[in-house]
Every structure is written in C-alpha cells, then in structure tokens.
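Hi everyone, thanks for coming. Could you bring up the sequence and the 3D view on your screens, so that we can walk through them together?

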Amino acid sequence: MSVVIDGQHLKCSDIHEIAHGSSASLGDHTHEQMSANAASMPPGPSILEEKRHWLVGGFASDLTPDELCKTFIIGHCAGVGEPLPKSLVRATMAARANVLATATTGCRPIAAEVLVDMLNQDVVPTVPSQGSVGAAGDLAPLAHIARVACGYADRPDSIVDYRPNPKEALALINGVSMTAALGAVAVVRLRRVLDSAIAATAMTMEAVAAGAGCIDDRVLTARNHPGGIEVGRRIRDWLEGSSQVLYENGADAFSIRSAPAVMGTLVEELSCTETILEREINGSGDNPLLIDGVWLEGGNFHGAPIAQALDSVKIALTQLATVSERRTFRLTYGQLSRGLPSFLVRGTGLNSGFMLTQYTAASLASECKGLAHPASVDTIPTVQHHEDHVSMGPIAARTLLEMVECVADIVGIEVLLAAQALDLRVRGIAFDGEGEALDASPITLAPKIETLHRRVRKRIPYWSDDDVLHPCLKAAGTLVRSGEFIGDPQPW
Amino acid sequence: MTTPLVIDGTSLCIADVVDVARSGRAVVLSESARAKMADSYAWVQYATTQDQPVYGVNTGFGSLARVKIDTAHSSQLSLNLLRSHAAGVGPILPVAETRAMMLLRANALAKGASGCRPLLVDTIIQMLEANVTPVVPSQGSCGSSGDLAPLAHLGLVLADGDHGRVRYQNREMTAAEGMAAAGIPRLIMEAKDGLAITNGAQLTTAIGALALHDAISLVEAAELAAAMSIEALRGTSRAFAKSVHALRPYAGAVATAGNLRKLLNGSDLVDSMPEKLQDAYSLRCTPQVLGACRDAIRYAVDQISIELNAATDNPLIILDEEGDNKAFSAGMFHGEPVGIPLDVLKIAISEVANLSERRLYRLTTGSLSQRLPPALASKDRPELGMMVPQTTAAALVSENKALGWPASMDSIPTCEDQEDHVAMSTTAARRAARVVKNARLVIAIETLGAVRALQFRREEDSELGLGAGTAVGLELASAVLDSLPDDSTPGQQIEALSAWIASGAHAGTVAGLERIA
C-alpha cells in the first residue's frame, strides 16, 4: 500500500510507515492543485530574489536564478554531528513533501514529486542530526535533503531531473518538517511503550495480589480524567477473571494504586500531541505563502507549537518511567512484594537474581529526568537580530526519541520481572519478609495475563540460578519495541 | 616507541589514560604492586578458612549480606556475581572508553587492597595489549556501588565459561573465541574476585578522564578562537591587563588574561579604535568566564586524578591495621566524588561554548562587527557565509543546556533500600562527553568565523600585523580549510575544524601559554 501525500490527510502512523519503507504517492488532485497554485504566482521577483542582496551580498544581481538557488541550499548545509538514521530521514522527506502538497507554497508539483521519487527509489540523503534551532524551520537538515533533491550532490540518474526556482529552494527547507517527522515516529513508538506499560502493570498487579479498588471504573470516573479512566479500563481488561486482584486486598503503594492517574497523563498528552503534530504535518509550514494569488509573509516556519507539545510529552513520559521503576523496585523487594522472594529468585545469597535489573531501571529513569529538560524554554537570537526567537523544537524531538528508548527498556524490565514473579506464584513459591519459606498455594493466572506471560516465556526463560543478565534485558526491551508483547508486531 | 606505562595504583594520570585508551600504549604491573597484591590475596585465602563473616567472601551481596554462604562456594559466588550483575542496556560503549575503564580497574587492583591475584591484572593488561575489549552496554549504571554492570561485563570475559562477548580485530565474538584467538588464558574465579572486578566507579572515571583531556584541549582552542575574534572585532586589550586581573586574582582568569595577551601580542588590530573605551561582554569578559571555567575544570581534574589512583573496592583489605579482621567494609565505590565534578565540568564547558557562540554572533552581525561583511560572506564569490553556521552553534549550545542537568543531583533507592543513595555519576560522565563534543563543534564554528574575519581584515590591509599567536592560529586553521574540496559545505568545514581541535594540533601557537595541567 502506498501512502498518499495530499497535504491534508497524512497521519503520524503514515509517516512511521514511510519511515520503514512504505512507498508514497501524491494525492489524486495534488498535482493539479499545486500547478494551479504555482500558476497563480504574481509577476515580479519572489521573496528569495528580493532578499538576494541581503543573502549573498554584492553578487546578487550577477546570479542566475539557478546559481542563486544552489548558493542558498549549499549555504544552509551546516548540520553537524551523527547522521540521522535512514528511517528518520525518510520520515522527514515525507513530512516536507506533504507541506508542499498543501498547494499554498507556490511550488510546482515537481518539487513534491522529486521527494516522493526519492522515497520510492529509497534514495536517502545523509543528514547530520544536529544544528537546527527549529526556526525558520529545520533549515540545515532540510537543506541536506534538498541538496540531493536538486541535484547539487551526487544522486542516481533515475531520480526525476529537478532544478528548483527560487521560491522552491526556500520552500524545500523553510519549516519544521524534521521536528514534526521525528515527533510522529516518537508518537507511534510511544503508543507501543504505553500499551506495554499498561499490560505490564496488570501483570505486576496480578503478581503482588493488588487491590482492585484502584482500577474500579466508579472510582476513576468519579474523578473524571479521561486518561486515568482509559488506563483503568485497559488494566481491568487484562485482569479479567483474575483470582488475585481483589477488592479485599486493600490499598497498595502509590506506584500501583495510582498507576491510572500517573500513566493516564501520558494517554492524554499523547493524544493531544498527536493532534498538534498532524496539524503541523498537514499545515502550510512555509513562508511566504501564495494564497489567492497574493504572497503573504508570515511566521509559519516557527516550531513553537510542536516544540512545546513534544516537551510536554517528555514530562508525562518521565512519569511513566519513574512509576514503572518503582513497581520494579517493589517486585525485587522481599518485604514489599506480598511474599515474593528477594530479587525474585530462590537461594538468594549465592544468587543475586534480579538485583541489578532494578539498578538498570533506576539509572534509565534518572536519565529521563535530565532528558526531560524542556528544550523549548530556551531561545537564542540568530541571524543578525532577524531570527531573534527560535523554538529549539528539533532538540525536543531528538531527546524525546532518546527517552523513548530508555523507557522501552524500563518497561521491558517490569515485564521481565512481572513474568518471573508470576512464575513463582504459579509454582507456589513464597517467602515471608525475613526470607523464610511459606506454604502457599499455586495460583492460576487470569487468561489474558497468561497470554502475556506466554509471550515473554517464548523469548526469555524462567530464571532459576544466576545467569548472564544482559541478554534477558535486551530480549525484554525487544519484546516491547517489536510489539510482540502486546500481540501487535510492527517495525520500531 | 613510547615506554610502557608502569601501573602501581599510585601514579596514574589523565594523560596516561589517554595514551593507553586511544594510542595503545603498553602497560606493565610494577613489581612492588605485584608483591602487595600477593599479600592481600593471601589474607583473603586465609579468611576463607575462618568463620568470621567477610562481606562478599562468605556472604551474599548488597542487602543479601544478611545471608551466609559456605566458603566452599566462594568461587561460584564470584562467578554468579559477574553473571547476575552483567546488566545494562543501550548502545555499546566505544573501544577507547572501554579500554580506559579496563586500565582504571587494573590500576585500582594494583593498589593491593582488594585481595585478588596479580594474575587478574596481568590478564587485563594482556587484553589491552592484544586489544580484546569486552562488549559493554553503555546505559544502566547508577555509579554506586560502582559501575557494577559495566565492570561485570569485563569480568565475564576474564572468567572462564561460556559467557561474555568481546570485540577483537574489528569483529564481535564470544569471549571464549576472542580470548583464545588472542592467546589469553581465562581465569577460574576465586573468593572475592567478583567484587574486586566490579566494585568502583571506573566507567564514570574512564569516560570522565577522556572528556577532561578533551576539555583541557578545548579551553586552549577556545582561547585561541577568542583571541582571533577579539582581534577581528578590533577589541580593546586593556581589559586583559595583568594589573587588572591582579586585583581579582582568580587563577583561571589570570591565566586566560595572560594567554590572551600572549596570543594578541603585536597585533595592529587590537586597540586600533582609541575612541572605543570598552567591548561587549563576550569579548571583554573572556578572562572572567573562561577563567571560571578553567577553575571548575581544575577542580574536576583534581578529583578525577585522585580517583584514578584510588582503591574503590568493598571490603578493602588493609594489612597494616591491627586485629585479626583485615577486611574493612566501607563505601569507597560510591561515584559521588567523581559524579559532582563531572557535572561541574558540563557547566564549565557549556559556558565555554555559550561565550563563543555570542562572539560568533557579533562576528556575523553587520551592525556589531566593526564593518565586517554581513554574515562574513565572501566578497569574491556568491555565498551565504556564516549565516547558518551561527544558527548551528546556537542549536548546539542550547542542546548542552539539557545535557547540563546535573545527574548527580538525582538518586533513586536500589537493592531493597540497602543501597538507598546512589551517585548517577555514570550518566554525568556520559553527558559530559557529549557536552564536550558539542562545545568543540561550537569552537570550530567560531574558529571558522574568525578565520574568515581575519582574512577580510588582511584583504583590507595586506601589511596588517596580526598577534603572535593569532597569526599562527589563522595559518593553521586556514590550512585545514584549504585541504577541503572547493565545494565543501559549511557542515564539512565545521567538522574538519572540530577534528583539527580534537587532534590537539591547535595547541602551542605561541610560547608560554598556560595550560590546565
């Protein structure tokens, strides 16, 4: 299936599909609409030509439009640092093509077609990941893409031949399409991490015989935060038929009892951010715009709307990281886990079991606290007083992606430990707070919890005596990232 | 050929770490350290025959110290520690950092307070020699009780068995395969070996030592770039006068002011505008800001240098102490003493870059640059000049602000509340390395701007005399840029200058510059 780029309907999930290799095509009417928009261009010089003296000094009048475009694009290739992964460059190309497809930028259809052509032939430029301040757009990263699109750098002859006019040279780079694309991919990954965290919470609750009151719909509805209500509903769904999670078990610690409240914030942030990102992706993030045959100068390239949304997600995500880590702590803590052995192994002492697993989660949760620092609170004047307030949105997007990796591993750790705890319950292995063995009857898992448990055990064996821990952690993180744990395998 | 580095647990310095980690300098264990290690090893062997509980020798680990273990299982206990502690996630640690961590652990053991055999250190040294490095995930250490997980991955390679992975001859393989190919015998773990290998913040310190080396070099590059910018902006040297700085005698500021005077000595451009009494802060306050950074880095160097030669194990075996029990359980593994300085390093280096970015803004802003061309765009060919690189610099310094968040300020209880305060020093170290890298790119961008600016000044007046140091700096940096293809992008020019700074080739443009030692 080819993803349709029509400047109106591109979703975060579409961007993610293109990132992972889906082909793209312009919408049925996009060519026509872009042609009409380009044809409405009033006579006279475009903005780039008007600003040419400011841009390239005394040579301006000697330059042909071709030379002007090339000078402009090459001059913006000032990105540095590690290259963006190929999938994220593809996502960025798709997002930029969709902005051009809004048919408000004055570009001819070929400007979008060349990007689509590159996507479909998998010609993916090398784009350094650092150096954009997210206003006036992701200039440097997009220029590294435009350099190839416009044929200013080596590229296969099979890509449609393209020489931009001055307005197109500007439109190819003048918006926060990299920030939006990275945000879109992050949102898709995050949904999977959140779904996994909800399932993991249900497993933990079953393992520690949690009280059922905290996920009761009446309780959550009485407070009426939609995120909390949804998390509660989904935990209840996983726990359907549980013989362990009962009202009479009473009140648990906050990491369990308040899980719907804490994790619900991410549900709401994600949905809000996805809406904002999709507006941006389908919006005219360019300047100037050509509307009703008139050039209108605005500031649509400024990344503020998505920068702040992405920063907000980072805060909610940190809450998920820290609350999952605390449940991990409880699972490994003999006196806090309602009869589970210290570090979830028998023969502790000679065995350290899952001691270090919790350290790993703690370290990652701590990393998130630093990464959550909002990029958008900063701004630094750039370009000779002209671009005197910038968004730092691309930094927000890149750190969000980095945090998603941390949290995928944190949730993987909870999954790993909850599965081990359930195994111990199923085997009737229990201890008191002092480590003395207790008589305990083996439990039967709730059906959907058993399904989750089986998915873990398909990849990671039960831990009896100390073995090398890292492969288990890696496999657990992979279960979350791959979607296998929640039964919905997808590329990351 | 450089002489091998002799390690004895007392004399390792940051430069040695760089030599071994990045340049493959050979290492040997000193004979006196060997003897000391043998003595402490003998005591642990004796302790295993006694009833007295010794942490980690005949007890479990962490909160499991409450559990007694039969000494018949000491070897298994060590091996299990390594296996269960080999946690961590994320990207694999680069080879240089891994080698530095190995060297640091070997040196800590050479102190002779860990009760392990010299053979353990000899084996690490052989691995360094053959360049067999453990595969270590870079994330997941709390820095207390040390960098347990990363060091356990080293332990898995040392310990005989079908565990552990290495990189050898640019390939990843099992430890068994790699060590056999390199001809290095693996060891049967003995009592306390597991603890001796893992208990200490050596990964924090390894990354920190390399980052500090780069930071020191970066300050030198920042002073050169500052001098070049000040010169190009026709700055005023009175703000750097010796007598001025004697009145507020911070060591760092005095050093920076002195270096600026040396670099700018003889310049026709400096003080060429008598009507201008004082410059903007990014020029005038360079000694105050870079000086404060120097002082902060100095503190970090002092702390890291202590840690490089510290015994960080628990328990420590101290044979000089009276009494039968020579094992002292303490908290020497805690990463805080290195975590805080590395967080401070991040602040200092962020400021080095912040100041640089503002000078660059002046260089590229027509109304602030004493008649340099707008954006420093060439007069010979059409180009945007430094318009976008200044934006790149702004993005990089902004990125450092989040990385600057102090990791060591955080703590999360671990290990059933036994390890209820941890350092998070490893995160501080990893972030410090990133801050240094970002800052180096910023200084590279300022250098690029300053080169262009000085070239313009030269075009205006070919007879123009530049400063003693800045003239050399201009020549060196121009040569780097001239070596690039004609159609190089600004990004490529920045990366080339950053690599030039990383190589240290910018150093010593004029005699007598004061360096952070």
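I'll begin with chain A as a whole, then turn to the cores, some helix pairs and a few local details.

One thing to keep in mind throughout: this is a predicted model.

Let's start with chain A. Its secondary structure comes to 19 helices and eight strands. If you draw a box around its C-alpha atoms along the principal axes, you get roughly 90 × 45 × 45 Å. Of the 492 residues in chain A, 64% are buried. And if we take the contacts in chain A with a separation of 6 or more, 79% of them are between residues 24 or more positions apart.

Now for the inside. In soluble globular proteins, nonpolar side chains tend to be buried together. Here, the largest nonpolar core has 325 residues. Which helix gives the most to this core? That is helix α17 of chain A, residues 393-426, with 21 residues. The residues with the most contacts inside the core are Ile7(B), Ile297(B) and Ile349(B).

Please click on Ile7(B). Leaving out residues up to four places away in sequence, Ile7(B) touches a set that includes Leu12(B), Val27(B), Val28(B) and Leu29(B). Further along the chain, its partners include Leu103(B), Ala106(B), Ala110(B), Val121(B) and Ile125(B). Two partners to look out for are Ser30(B) and Asn107(B).

Apart from the largest core there is another one, made of eight residues, among them Trp43(B), Val44(B), Val57(B) and Ala327(B).

Next, the helix pairs. Two packed helices are described by the angle between their axes and the distance between the axes. We'll stay in chain B and look at helix α9, residues 202-232.

What does α9(B) do with helix α13, residues 286-308 of chain B? The two pack at about 160°, with axes 10 Å apart. An angle over 145 degrees counts as roughly antiparallel, so that is how α9(B) and α13(B) run relative to each other. Their crossing is left-handed. From α9(B), the residues that meet α13(B) include Leu212(B), Ile216(B) and Val219(B). On the other side, α13(B) brings, among others, Leu290(B), Ala300(B), Val301(B) and Ile297(B). That last one should sound familiar, as Ile297(B) was one of the residues with the most contacts in the largest core. The residues of this contact divide into 13 nonpolar, two polar and three charged.

The helix α9(B) also comes within 10 Å of helix α11, residues 251-264 of chain B, axis to axis, and here the crossing angle is roughly 55°. That makes α9(B) oblique to α11(B). This crossing is right-handed. The contact brings together residues including Leu224(B), Ala227(B) and Glu231(B) from α9(B) with Thr256(B), Asn259(B) and Leu263(B), among others, from α11(B). In total, this contact has seven nonpolar, two polar and two charged residues.

One more pair in chain B: helix α14, residues 336-364, and helix α16, residues 425-460, have axes that come within 8 Å and cross at roughly 20°. Are they roughly parallel or roughly antiparallel? Angles under 35 degrees count as roughly parallel, so α14(B) and α16(B) are roughly parallel to each other. The crossing is left-handed, and the contact holds 18 nonpolar, five polar and six charged residues.

Finally, some local details in the backbone. In chain A, a cis peptide bond joins Asn287(A) and Pro288(A), with omega about -10°. You'll find Pro288(A) in the loop between α14 and β5 of chain A. Chain B has a cis peptide bond too, joining Ser144(B) and Ser145(B), with omega about 0°. There, Ser145(B) is in the loop between β5 and α6 of chain B.

Which residues other than glycine have a positive phi? One of them is Asp122(A), with phi near 55°, in the loop between α7 and β4 of chain A. Another is Arg338(A), with phi near 50°, in the loop between α15 and α16 of chain A. At 36% relative accessibility, Asp122(A) counts as partly exposed, and Arg338(A) is partly exposed at 37%.

That's my tour, and I'm happy to take questions.

Technical notes
Residues are numbered from 1 along each chain as its sequence is written. Chains are lettered from A and ligands numbered from 1 in the order in which they are written. This is a predicted model: local features need pLDDT of at least 70, side-chain atom pairs count only at pLDDT 80 or more; totals for chains, interfaces and linings use all residues. Side-chain values use heavy atoms; hydrogens and water are left out. Axes are lines fitted to C-alpha atoms, for helices over the stretch in contact, and angles run from 0 to 180 degrees between N-to-C directions. Helices (H or I, at least four residues) and strands (E, at least two) are DSSP runs, numbered from the N terminus. Angles under 35 degrees count as roughly parallel, over 145 as roughly antiparallel, 65 to 115 as roughly perpendicular and the rest as oblique. A crossing is left-handed if the near helix is turned anticlockwise from the far one by less than a right angle, and right-handed if clockwise. Contact means heavy atoms within 4.5 Å. Ala, Val, Leu, Ile, Met, Phe, Trp, Tyr, Cys and Pro count as nonpolar, Asp, Glu, Lys and Arg as charged, and the others, Gly among them, as polar. A nonpolar core is a set of buried Ala, Val, Leu, Ile, Met, Phe, Trp, Tyr and Cys residues joined through side-chain atoms within 4.5 Å. Buried means under 20% relative accessible area, exposed over 50%, partly exposed in between (1.4 Å probe, protein chains only).
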